[in-house]
Amino acid sequence: MSSLPSCPQCQSEFTYEDGGMFVCPECAHEWSAQSAPAGEQARVWRDASGNVLQDGDTVTVIKDLKLKGGGGVVKMGTKVKNIRLVDGDHDIDCKIDGFGSMGLKTEFVRKA
């Protein structure tokens with residue numbers, strides 16, 4: 001078995017070293033040998049200002065967000081308490097008073 005790391009983009013095991021770079025022949029992704037991850041790294045969620053978000057944080061909506069399917073708008077400045085960070089197309093699961101449960105993207109919130 002090879003001691004070279006798998007491709008971080010497509011998880012292919014057929015990587016090879018070219019100078020100081022690793023190359024994946026399947027997806028053509030190239031990355032530096034110094035930045036090769038030693039193991040699985042945890043995902044870090046950041047708000048619109050670059051602050052790190054964690055489960056249970058309180059955030060503020062930074063622009064008016066139209067709701068799909070029903071109508072209504074979550075207004076800019078709305079505070080959302082006790083967020084839960086998830087993987088998926090929306091990064092935040094939360095409950096907003098007057099609207100109920102919904103998903104938000106981190107690019108539309110700022111840590112309060």
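Two strands are said to pair if DSSP finds at least two bridges between them, and the exercises below apply this to a predicted model.

**Exercise 1.** Work out in which sense strand β2 and β3 pair, and where they sit in their sheet.

*Solution.* Begin with the bridges: strand β2, residues 21–23, and β3 are joined over three bridges in the antiparallel sense, and one of the bridge partners can be named, since methionine 21 is matched with serine 32 in β3. Next, place the two strands in the sheet, which is open, has three strands in the order β1-β2-β3, and shows antiparallel pairing. The edge strands, each pairing on one side only, are β1 (16–18) and β3 (30–32). Finally, neighbouring strands of this sheet are turned by 35° against each other on average, with direction ignored.

**Exercise 2.** Decide how many disulfides the structure has, and state whether cysteine 27 and cysteine 94 are buried, exposed or partly exposed.

*Solution.* A disulfide is a covalent bond between the sulfur atoms of two cysteines. The search of the whole structure finds zero disulfides. For cysteine 27, the nearest cysteine sulfur belongs to cysteine 7 and is 3.6 Å away, whereas the cut-off for a disulfide is within 2.5 Å, so this pair does not count. Turning to accessibility, cysteine 27 has a relative value of 31% and is therefore partly exposed, while cysteine 94 is buried because its relative accessible area is 7%, where buried means under 20%.

**Exercise 3.** Find which strand gives the most to the lining of the largest pocket.

*Solution.* The largest pocket has a volume of about 330 Å³, and both β7 (65–66) and β12 (100–104) supply at least two residues of its lining. Of the strands, β12 gives the most, with three residues. By class, the lining has six nonpolar, two polar and four charged residues.

Key
Residues numbered from 1 in each chain as written. Predicted model: local features only at pLDDT ≥ 70, side-chain atom pairs only at ≥ 80, totals over all residues. Heavy atoms only, no water. Helix = DSSP H or I, 4+ residues; strand = E, 2+ residues; numbered from the N terminus. Axes fitted to C-alpha atoms, helices over the stretch in contact; angles between N-to-C directions. Buried < 20%, exposed > 50% of the residue type's maximum accessible area, 1.4 Å probe, protein only. 1 Å grid on protein atoms, 1.4 Å probe; cavity = no way out; pocket = protein on both sides within 12 Å on 5 of 7 lines; lining within 4 Å. Points joined across faces, edges and corners; volume = space filled by probe spheres on them. Nonpolar A, V, L, I, M, F, W, Y, C, P; charged D, E, K, R; others polar.
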